[in-house]
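Please open the model in your viewer and keep the selection panel at hand. The stops below are taken in turn.

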Amino acid sequence: MASGAVAPPPPPLAGGRRGFGGRGVLLRRRLAATPMKDEPVVSTNGGEEEMIAHSVNVARKASIPGVSSSLSNRTAVTPTPLHPAEPSDLRFNRLRPPTEKSDCKYTRYFGRYVAREAIVDEEYWIAAWLRAEDHYEDQSGDRYVESFKRKFASQEFHALKKRCSRQVGEKYTCFVAVKNDDVTRTVLNSVVGTVDLCVRHPLYGETYPAEPGNMPFYSRIYQPDQPKFGYLTNVCVAKYARRQGIASNMLLLAIDAARLDGAESIYIHVHKDNLPARRLYDHIGFKMVDMDGARQSSDLCLLSFSSNH
(Lines give C-alpha, C1' and ligand atoms only; values in the text may rest on other atoms or scores of the structure.)
Protein backbone atom coordinates (compact mmCIF):
# COMPACT_ATOMS: atom_id res chain seq x y z
CA MET A 1 0.00 0.00 0.00
CA ALA A 2 1.28 3.43 -0.84
CA SER A 3 1.97 5.85 1.98
CA GLY A 4 2.16 9.59 2.20
CA ALA A 5 1.30 12.59 4.30
CA VAL A 6 -2.26 13.85 4.06
CA ALA A 7 -2.75 17.58 3.81
CA PRO A 8 -5.27 19.20 6.18
CA PRO A 9 -8.66 20.00 4.68
CA PRO A 10 -9.05 23.49 3.21
CA PRO A 11 -10.96 26.03 5.33
CA PRO A 12 -14.62 26.70 4.45
CA LEU A 13 -15.30 29.56 2.10
CA ALA A 14 -16.24 32.81 3.78
CA GLY A 15 -19.57 34.44 2.97
CA GLY A 16 -21.14 31.25 1.70
CA ARG A 17 -24.69 32.67 1.93
CA ARG A 18 -24.04 35.92 0.13
CA GLY A 19 -24.98 36.55 -3.49
CA PHE A 20 -28.53 35.15 -3.54
CA GLY A 21 -29.99 38.43 -4.76
CA GLY A 22 -29.11 41.79 -6.26
CA ARG A 23 -25.59 41.91 -7.68
CA GLY A 24 -25.03 38.28 -6.70
CA VAL A 25 -27.59 37.13 -9.27
CA LEU A 26 -25.95 39.24 -11.97
CA LEU A 27 -22.53 37.90 -11.01
CA ARG A 28 -23.73 34.30 -11.31
CA ARG A 29 -25.25 35.02 -14.72
CA ARG A 30 -21.96 36.48 -15.94
CA LEU A 31 -20.03 33.49 -14.64
CA ALA A 32 -22.45 31.10 -16.29
CA ALA A 33 -21.79 32.70 -19.65
CA THR A 34 -18.01 32.48 -19.25
CA PRO A 35 -16.22 29.22 -20.16
CA MET A 36 -14.49 27.62 -17.18
CA LYS A 37 -10.72 27.58 -17.27
CA ASP A 38 -10.48 23.81 -17.34
CA GLU A 39 -13.26 23.19 -19.88
CA PRO A 40 -12.22 21.88 -23.29
CA VAL A 41 -12.69 24.25 -26.20
CA VAL A 42 -14.26 22.85 -29.37
CA SER A 43 -12.74 24.19 -32.55
CA THR A 44 -13.30 23.31 -36.19
CA ASN A 45 -10.46 22.32 -38.44
CA GLY A 46 -11.49 21.48 -41.98
CA GLY A 47 -14.98 20.53 -40.84
CA GLU A 48 -13.73 18.19 -38.10
CA GLU A 49 -14.29 19.03 -34.46
CA GLU A 50 -11.19 18.97 -32.29
CA MET A 51 -11.01 18.92 -28.52
CA ILE A 52 -8.37 21.28 -27.17
CA ALA A 53 -7.60 21.07 -23.45
CA HIS A 54 -5.86 23.85 -21.52
CA SER A 55 -2.74 22.39 -19.81
CA VAL A 56 -3.38 18.77 -18.74
CA ASN A 57 -6.81 19.39 -17.19
CA VAL A 58 -10.04 17.83 -18.37
CA ALA A 59 -13.53 19.23 -18.15
CA ARG A 60 -15.07 18.97 -14.72
CA LYS A 61 -18.05 17.16 -16.24
CA ALA A 62 -16.00 14.75 -18.37
CA SER A 63 -16.26 11.02 -17.87
CA ILE A 64 -13.05 9.05 -17.62
CA PRO A 65 -14.02 5.39 -18.10
CA GLY A 66 -11.96 2.44 -17.07
CA VAL A 67 -10.08 3.96 -14.14
CA SER A 68 -12.20 2.66 -11.30
CA SER A 69 -15.80 1.63 -10.97
CA SER A 70 -15.69 2.76 -7.34
CA LEU A 71 -15.60 6.44 -8.27
CA SER A 72 -18.87 8.29 -7.94
CA ASN A 73 -17.13 11.39 -9.30
CA ARG A 74 -14.70 10.51 -12.08
CA THR A 75 -13.67 14.08 -12.78
CA ALA A 76 -10.74 14.07 -10.38
CA VAL A 77 -8.41 11.62 -12.07
CA THR A 78 -6.48 14.12 -14.19
CA PRO A 79 -5.75 17.29 -12.23
CA THR A 80 -2.88 19.61 -13.08
CA PRO A 81 0.33 18.15 -11.57
CA LEU A 82 1.51 19.93 -8.44
CA HIS A 83 4.99 20.42 -9.87
CA PRO A 84 4.45 21.90 -13.34
CA ALA A 85 8.13 22.84 -13.58
CA GLU A 86 9.14 19.17 -13.56
CA PRO A 87 9.27 17.56 -17.02
CA SER A 88 6.34 15.42 -18.09
CA ASP A 89 4.57 14.62 -21.31
CA LEU A 90 1.05 14.12 -20.02
CA ARG A 91 -1.63 14.04 -22.72
CA PHE A 92 -4.77 12.40 -21.47
CA ASN A 93 -6.18 11.76 -24.93
CA ARG A 94 -3.09 9.72 -25.85
CA LEU A 95 -3.93 6.35 -27.37
CA ARG A 96 -2.62 3.15 -25.84
CA PRO A 97 0.80 2.31 -27.32
CA PRO A 98 0.95 -1.14 -28.94
CA THR A 99 2.96 -3.53 -26.78
CA GLU A 100 4.35 -5.48 -29.72
CA LYS A 101 5.90 -2.30 -31.17
CA SER A 102 7.30 -1.00 -27.89
CA ASP A 103 10.78 -1.63 -26.57
CA CYS A 104 9.68 -3.62 -23.51
CA LYS A 105 12.24 -5.92 -21.92
CA TYR A 106 9.65 -7.71 -19.80
CA THR A 107 6.15 -8.74 -20.91
CA ARG A 108 3.63 -11.33 -19.76
CA TYR A 109 0.41 -12.03 -21.68
CA PHE A 110 -2.57 -13.49 -19.83
CA GLY A 111 -6.23 -13.57 -20.79
CA ARG A 112 -7.35 -10.17 -22.10
CA TYR A 113 -4.40 -8.36 -20.53
CA VAL A 114 -0.66 -7.92 -20.77
CA ALA A 115 1.72 -6.98 -17.96
CA ARG A 116 4.80 -4.95 -18.91
CA GLU A 117 6.89 -1.96 -17.94
CA ALA A 118 5.22 1.44 -17.97
CA ILE A 119 6.09 3.21 -21.22
CA VAL A 120 4.43 6.63 -21.36
CA ASP A 121 3.77 9.28 -18.71
CA GLU A 122 0.03 8.60 -18.69
CA GLU A 123 0.70 5.03 -17.55
CA TYR A 124 2.81 6.35 -14.67
CA TRP A 125 -0.01 8.74 -13.84
CA ILE A 126 -2.68 6.01 -13.71
CA ALA A 127 -0.32 3.90 -11.58
CA ALA A 128 -0.10 6.84 -9.16
CA TRP A 129 -3.87 7.31 -9.22
CA LEU A 130 -4.54 3.64 -8.45
CA ARG A 131 -2.25 3.98 -5.43
CA ALA A 132 -4.14 7.06 -4.28
CA GLU A 133 -7.42 5.16 -4.55
CA ASP A 134 -5.95 2.25 -2.63
CA HIS A 135 -4.55 4.54 0.08
CA TYR A 136 -7.92 6.24 0.66
CA GLU A 137 -10.16 3.24 -0.08
CA ASP A 138 -11.48 3.12 3.50
CA GLN A 139 -12.19 6.88 3.58
CA SER A 140 -14.60 7.16 0.66
CA GLY A 141 -17.10 9.08 2.78
CA ASP A 142 -14.67 11.79 3.78
CA ARG A 143 -15.68 15.23 2.54
CA TYR A 144 -12.23 16.09 1.21
CA VAL A 145 -11.11 12.65 0.07
CA GLU A 146 -11.09 13.57 -3.65
CA SER A 147 -8.77 16.51 -2.94
CA PHE A 148 -6.52 14.27 -0.87
CA LYS A 149 -6.37 11.69 -3.66
CA ARG A 150 -5.52 14.33 -6.27
CA LYS A 151 -2.64 15.63 -4.16
CA PHE A 152 -1.42 12.13 -3.33
CA ALA A 153 -1.51 11.03 -6.98
CA SER A 154 0.31 14.13 -8.21
CA GLN A 155 3.09 13.76 -5.65
CA GLU A 156 3.40 10.02 -6.29
CA PHE A 157 3.51 10.55 -10.07
CA HIS A 158 6.53 12.82 -9.88
CA ALA A 159 8.23 10.70 -7.20
CA LEU A 160 7.67 7.56 -9.30
CA LYS A 161 9.13 9.14 -12.43
CA LYS A 162 12.16 10.27 -10.43
CA ARG A 163 12.71 6.81 -8.91
CA CYS A 164 12.50 5.09 -12.28
CA SER A 165 14.91 7.53 -13.93
CA ARG A 166 17.53 7.35 -11.16
CA GLN A 167 19.28 4.02 -11.70
CA VAL A 168 22.44 4.59 -9.62
CA GLY A 169 22.94 1.81 -7.08
CA GLU A 170 19.47 0.38 -7.65
CA LYS A 171 17.16 -0.41 -10.53
CA TYR A 172 13.57 0.71 -10.08
CA THR A 173 10.84 -0.44 -12.49
CA CYS A 174 7.12 0.31 -12.58
CA PHE A 175 5.03 -2.49 -14.11
CA VAL A 176 1.47 -2.01 -15.32
CA ALA A 177 -1.26 -4.39 -16.45
CA VAL A 178 -2.94 -3.15 -19.62
CA LYS A 179 -5.98 -4.30 -21.58
CA ASN A 180 -4.88 -6.29 -24.62
CA ASP A 181 -7.48 -6.22 -27.38
CA ASP A 182 -8.15 -4.77 -30.82
CA VAL A 183 -10.24 -1.86 -29.51
CA THR A 184 -8.79 1.63 -29.93
CA ARG A 185 -8.40 2.89 -26.38
CA THR A 186 -6.77 5.76 -24.58
CA VAL A 187 -4.13 5.01 -21.96
CA LEU A 188 -6.58 6.14 -19.27
CA ASN A 189 -9.00 3.43 -20.35
CA SER A 190 -6.35 0.72 -20.57
CA VAL A 191 -4.30 0.47 -17.36
CA VAL A 192 -5.91 -1.73 -14.69
CA GLY A 193 -3.06 -2.57 -12.30
CA THR A 194 0.44 -1.68 -11.16
CA VAL A 195 3.36 -2.95 -9.08
CA ASP A 196 6.87 -1.60 -8.45
CA LEU A 197 10.14 -3.51 -8.30
CA CYS A 198 13.44 -2.32 -6.85
CA VAL A 199 16.58 -4.46 -7.36
CA ARG A 200 19.67 -3.52 -5.39
CA HIS A 201 22.48 -4.64 -3.11
CA PRO A 202 21.78 -4.39 0.63
CA LEU A 203 22.96 -1.31 2.48
CA TYR A 204 25.64 -1.50 5.13
CA GLY A 205 23.99 -2.64 8.35
CA GLU A 206 20.92 -3.88 6.49
CA THR A 207 19.80 -7.52 6.67
CA TYR A 208 16.27 -7.22 5.25
CA PRO A 209 14.45 -4.42 3.40
CA ALA A 210 13.00 -1.85 5.77
CA GLU A 211 9.27 -1.27 5.90
CA PRO A 212 7.92 1.39 3.51
CA GLY A 213 8.62 4.84 4.93
CA ASN A 214 11.01 3.48 7.60
CA MET A 215 14.29 3.35 5.70
CA PRO A 216 17.09 3.73 8.28
CA PHE A 217 19.09 6.93 8.09
CA TYR A 218 22.36 5.39 9.23
CA SER A 219 23.66 4.52 5.78
CA ARG A 220 23.10 4.92 2.07
CA ILE A 221 26.19 2.94 1.12
CA TYR A 222 25.60 -0.30 -0.76
CA GLN A 223 27.43 -3.58 -0.17
CA PRO A 224 28.41 -4.65 -3.69
CA ASP A 225 29.93 -7.89 -2.37
CA GLN A 226 26.53 -9.02 -1.08
CA PRO A 227 23.89 -10.68 -3.30
CA LYS A 228 21.25 -8.45 -4.82
CA PHE A 229 17.64 -8.72 -3.74
CA GLY A 230 14.35 -7.54 -5.20
CA TYR A 231 11.73 -5.61 -3.26
CA LEU A 232 8.10 -5.35 -4.41
CA THR A 233 5.78 -2.49 -3.43
CA ASN A 234 2.54 -0.77 -4.44
CA VAL A 235 0.55 -3.77 -5.67
CA CYS A 236 -2.73 -2.19 -6.82
CA VAL A 237 -5.56 -3.32 -9.09
CA ALA A 238 -8.57 -1.23 -10.10
CA LYS A 239 -11.69 -2.39 -8.25
CA TYR A 240 -13.66 -3.21 -11.38
CA ALA A 241 -10.84 -5.45 -12.69
CA ARG A 242 -10.12 -7.53 -9.60
CA ARG A 243 -10.36 -11.34 -9.38
CA GLN A 244 -9.07 -11.84 -12.90
CA GLY A 245 -5.51 -12.91 -12.05
CA ILE A 246 -4.08 -9.45 -12.70
CA ALA A 247 -2.17 -9.09 -9.43
CA SER A 248 -0.68 -12.59 -9.58
CA ASN A 249 0.51 -12.16 -13.18
CA MET A 250 2.06 -8.77 -12.45
CA LEU A 251 3.88 -10.28 -9.47
CA LEU A 252 5.12 -13.24 -11.52
CA LEU A 253 6.44 -10.85 -14.17
CA ALA A 254 8.19 -8.74 -11.53
CA ILE A 255 9.74 -11.88 -9.99
CA ASP A 256 11.08 -12.97 -13.39
CA ALA A 257 12.46 -9.47 -13.98
CA ALA A 258 14.17 -9.48 -10.57
CA ARG A 259 15.78 -12.83 -11.34
CA LEU A 260 17.07 -11.60 -14.70
CA ASP A 261 18.56 -8.57 -12.94
CA GLY A 262 20.49 -10.81 -10.57
CA ALA A 263 18.27 -10.87 -7.47
CA GLU A 264 18.60 -14.03 -5.40
CA SER A 265 15.65 -13.26 -3.12
CA ILE A 266 12.53 -11.14 -3.55
CA TYR A 267 10.75 -9.51 -0.60
CA ILE A 268 7.40 -7.89 -0.01
CA HIS A 269 5.65 -6.41 3.02
CA VAL A 270 1.99 -7.17 3.67
CA HIS A 271 -0.45 -6.06 6.34
CA LYS A 272 -1.07 -8.90 8.76
CA ASP A 273 -4.84 -8.38 8.54
CA ASN A 274 -4.90 -8.40 4.73
CA LEU A 275 -5.88 -12.04 4.38
CA PRO A 276 -6.67 -11.98 0.61
CA ALA A 277 -3.20 -10.56 -0.14
CA ARG A 278 -1.53 -13.06 2.17
CA ARG A 279 -3.34 -15.94 0.43
CA LEU A 280 -2.23 -14.58 -2.94
CA TYR A 281 1.43 -14.32 -1.90
CA ASP A 282 1.33 -17.78 -0.32
CA HIS A 283 -0.09 -19.22 -3.55
CA ILE A 284 2.73 -17.65 -5.56
CA GLY A 285 5.38 -19.06 -3.20
CA PHE A 286 6.23 -16.29 -0.71
CA LYS A 287 7.13 -17.44 2.79
CA MET A 288 7.14 -15.60 6.11
CA VAL A 289 10.56 -14.30 7.13
CA ASP A 290 11.75 -15.43 10.55
CA MET A 291 10.27 -12.99 13.06
CA ASP A 292 13.43 -13.10 15.19
CA GLY A 293 15.72 -12.20 12.33
CA ALA A 294 13.73 -9.45 10.62
CA ARG A 295 12.46 -6.08 11.72
CA GLN A 296 8.72 -6.40 12.18
CA SER A 297 6.07 -3.88 13.15
CA SER A 298 2.70 -4.53 14.69
CA ASP A 299 0.96 -4.07 11.32
CA LEU A 300 3.26 -5.48 8.64
CA CYS A 301 5.04 -8.75 8.10
CA LEU A 302 7.86 -9.47 5.69
CA LEU A 303 7.59 -12.24 3.11
CA SER A 304 10.36 -13.62 0.89
CA PHE A 305 10.51 -15.52 -2.36
CA SER A 306 13.66 -17.46 -3.17
CA SER A 307 14.97 -17.50 -6.73
CA ASN A 308 15.42 -21.28 -6.33
CA HIS A 309 11.63 -21.79 -6.54
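Select I268 and, leaving aside its neighbours within four places in sequence, display what it is in contact with (heavy atoms within 4.5 Å): Y231, L232, V235, L251, Y281, F286, C301, L302 and L303. This is a predicted model, in which local features need pLDDT of at least 70 and side-chain atom pairs count only at pLDDT 80 or more, while totals for chains, interfaces and linings use all residues. Residues are numbered from 1 along each chain as its sequence is written, and side-chain values use heavy atoms, with hydrogens and water left out.

Next, widen the selection to the largest nonpolar core, which has 34 residues, with F175, L232, I246, L251, I268, Y281 and F286 having the most contacts inside it. Such a core is a set of buried Ala, Val, Leu, Ile, Met, Phe, Trp, Tyr and Cys residues joined through side-chain atoms within 4.5 Å, where buried means under 20% relative accessible area with a 1.4 Å probe, protein chains only. Among the elements that give two or more residues to this core are β4 (113-117), β5 (170-179) and α4 (246-260); helices (H or I, at least four residues) and strands (E, at least two) are DSSP runs, numbered from the N terminus. The largest share, nine residues, comes from α4.

Now select β4, where five of the five residues are buried, so the strand is largely enclosed by the rest of the structure. Strand β3 (residues 107-110) pairs with β4 in the antiparallel sense over four bridges, pairing requiring at least two bridges found by DSSP, and R108 stands opposite A115 in β4. β4 also pairs with β5, in the antiparallel sense over five bridges, and there Y113 stands opposite K179 in β5.

Note on methods: Buried means under 20% relative accessible area, exposed over 50%, partly exposed in between (1.4 Å probe, protein chains only).
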